[in-house]
Amino acid sequence: MLCLLFLGPFFATATMRLLINNACIQSFQVLQLQQTFDSSLEKPQFPGASAEFVDQLEFIQPNVISGIPVYRVMDRQGNIINPSQDPQLSKETVLNFYQKMTMLNTMDRILYESQRQGRISFYMTNYGEEGTHIGSAAALDPNDLVFGQYREAGVLMYRGFPLDHFMAQCYANADDLGKGRQMPVHYGSKDLNFVTISSPLATQIPQAAGAAYAVKRENTNRAVICYFGEGAASEGDAHAGFNFSATLECPLIFFCRNNGYAISTPTNEQYRGDGIAARGPGYGMLSIRVDGNDVFAVYNATKEARRRAVAENQPFLIEAMTYRIGHHSTSDDSSAYRSVDEVNYWDKQDHPISRLRHYMTARGWWSEDDERSWRKQSRKTVMEAFERAERRLKPNPELLFTDVYQEMIPSLNKQRESLWRHVQQYKENYPLDLYEK
Ligand SMILES: Cc1ncc(C[n+]2csc(CCOP(=O)(O)OP(=O)(O)O)c2C)c(N)n1
Ligand SMILES: [Mg+2]
């Protein structure tokens, strides 16, 4: 009745009044229902939680969820620990995993060096995290939509993004799908269902939740996967994405790469509590922690999460424990904040590539000779793509002004004219012959 008094004068139509009346009658009925509860049951009736009453004052310990175990399939020597967990992938599939992981490594090496030589402006390597990329990418359906952070080039490589496209993007040449408008490593591919990377941390997380909600409504058996670092998980956007996807029951896999650092900030300065997986239950999400350096563990966890996310319409959280072996980016020198011994441990003793190689060698699937010729061949393939990218012209500068508005707006047109006037005036600084006409 109260709401009629407040709102009544503002609504003129009879329909509106009817709606308001109905709402008021309903709330009155709920009130009556609540009053009939038997208070001797002494069960809390709050709509926000299901629980019991207690008469002892006790705070919940933050370590109520602590030491979440790390699921793995292989030990560090590549032996399968529990045969029931062996995904039993064919030799061909495993060789493909290995070739993609090592190819990513080789591409990283060449593009990193290329930045050091001043040929490209910036680069970020994926060293040490190859298992998280390939294991998860292989467990998805090619139609599943991927939202990445920036250190997931292996996912794109697994999906078949050609080396020429990686190089074109980093060189911002005329073949770049992004028309040279982004910083290096900001890849994207509509054909491969890989949403273009954007630098501001965690923006992809609520976007992925929205996309997963759309996918659910389309009912096409698609899933969405959203990659992010443990550092990005501290952003407010991570909360928004986790909560929306849980409440809207979206087929979404949150894949956290916990690589120990957010640039120079180690995990023990980033959060309290048991890492990122411990947050899952807080959002009502099924969660698991896996050994990210075990490509089979990543594969199994992602495959099962993907299957259930689609079948049951609910989000999953995977925390893949790994280590960022490279510097954060070419703008970082990690020797300022971590020891060489620490890096060497992960590089030499717990590396996803060597673990998979041990597995293949034990089965007689890979020899020293195979390794030598593959290294040579893959380096040659990467070098050839690199040389092609470097020779290619830059995109037509006119493309700076297109694609935002269907028709050029006057202010943009003014900027365009001003650019060309400037270029004409200072011709000697603008080698237009290096750009497409
Ligand atoms: C909103 C925002 N804040 C800060 C930065 C600067 N920044 C770029 S990467 C990064 C660390 C991210 O760490 P993590 O999410 O763990 O990913 P990793 O680099 O370890 O793969 C920071 C702070 C940014 N890009 N965006
Ligand atoms: Mg990190």
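## Salt bridges, ligand contacts and surface of the predicted model

Asp350 is buried, because its relative accessible area is 5%, under the 20% that marks the limit for buried residues. This value, like the others reported here, was computed from a predicted model. The side chain of Asp350 is paired with that of Arg76 in a salt bridge, with an N to O distance of 3.1 Å. Arg76 is located in the loop that runs between helix 2 (14-35) and helix 3 (91-116), whereas Asp350 occupies the loop between helix 12 (340-349) and helix 13 (352-362); the pair therefore ties together parts that lie 274 residues apart in sequence. In contrast to buried Asp350, Arg76 is partly exposed, its relative accessible area being 40%.

In total, 26 salt bridges are found in the structure. One of these connects Asp274 with Arg289, whose closest N and O atoms are separated by 3.1 Å. Asp274 belongs to the loop between helix 9 (267-270) and helix 10 (279-283), and Arg289 to strand 7 (residues 286-291), so this pair ties together parts that are 15 residues apart in sequence. Asp274 is buried at a relative accessible area of 16%, and Arg289 is likewise buried, at 6%. A further salt bridge is formed by Arg324 and Asp332, with 3.7 Å between the closest N and O atoms. Arg324 is buried, with a relative accessible area of 1%, and Asp332 counts as buried at 13%. Shared partners also join salt bridges into a network, which consists of Arg76, Asp291, Asp350 and Arg355. The pair of Arg76 and Asp350 described above thus reappears within this network.

The surroundings of ligand 1 were examined next. Around this ligand there are 17 residues, of which Tyr150, Arg151, Ala232, Asn259 and Tyr261 come nearest. Tyr261 takes part through its backbone: a polar backbone atom of this residue is 2.8 Å from an oxygen atom of ligand 1. Side chains contribute as well. An N or O atom in the side chain of Glu230 is found 3.1 Å from an oxygen atom of the ligand, and for His328 the distance from a polar side-chain atom to an oxygen atom of ligand 1 is 3.3 Å. Ligand 1 taken alone exposes 590 Å², of which the protein buries 73%.

Among the secondary-structure elements, helix 4 (residues 130-138) is largely enclosed by the rest of the structure, because nine of its nine residues are buried. These buried residues are Glu130, Gly131, Thr132, His133, Ile134, Gly135, Ser136, Ala137 and Ala138. The helix falls within residues 99-398, the stretch that an unreviewed UniProt entry annotates as "domain: Dehydrogenase E1 component". Helix accounts for 47% of this span and strand for 11%, and the C-alpha atoms at its ends lie 39 Å apart.

Backbone geometry was notable at alanine residues. Ala172 has a phi value near 45 degrees, which is positive although the residue is not a glycine. This residue is placed in the loop between helix 6 (163-171) and strand 2 (194-195). A positive phi, of about 75 degrees, is also found at Ala202, another residue that is not a glycine. Ala202 is part of the loop between strand 2 and helix 7 (204-218). With a relative accessible area of 0%, Ala202 is buried.

On the surface, a nonpolar patch is formed by Leu393, Tyr426, Tyr430, Leu432, Leu434 and Tyr435, which together present about 480 Å² of accessible area. Tyr426, one of the patch members, is located in the segment that follows helix 15 (410-425). Its relative accessibility of 35% means that Tyr426 counts as partly exposed.

Asp55 provides a further example of a residue at the surface: at 73% relative accessibility, Asp55 counts as exposed. The residue is situated in the loop between helix 2 and helix 3, the loop that also holds Arg76. Asp55 is separated from Tyr171 by 116 residues in sequence, and the C-alpha atoms of these residues are 66 Å apart in space.

Conventions
Residues numbered from 1 in each chain as written. Chains lettered and ligands numbered in written order. Predicted model: local features only at pLDDT ≥ 70, side-chain atom pairs only at ≥ 80, totals over all residues. Heavy atoms only, no water. UniProt positions renumbered as here; feature names shortened; annotations may be inferred. Helix = DSSP H or I, 4+ residues; strand = E, 2+ residues; numbered from the N terminus. Patch = residues over 30% accessible without salt bridge, like charges linked within 9 Å, V, L, I, M, F, W, Y side chains within 5 Å. Areas by Shrake-Rupley, 256 points an atom, 1.4 Å probe, with all protein chains shown as cover. Salt bridge = Lys/Arg side-chain N within 4 Å of Asp/Glu carboxyl O. Buried < 20%, exposed > 50% of the residue type's maximum accessible area, 1.4 Å probe, protein only. Near = heavy atom within 4 Å. Polar contact = N/O pair within 3.5 Å; in protein donor to acceptor, adjacent residues only side chain to side chain.
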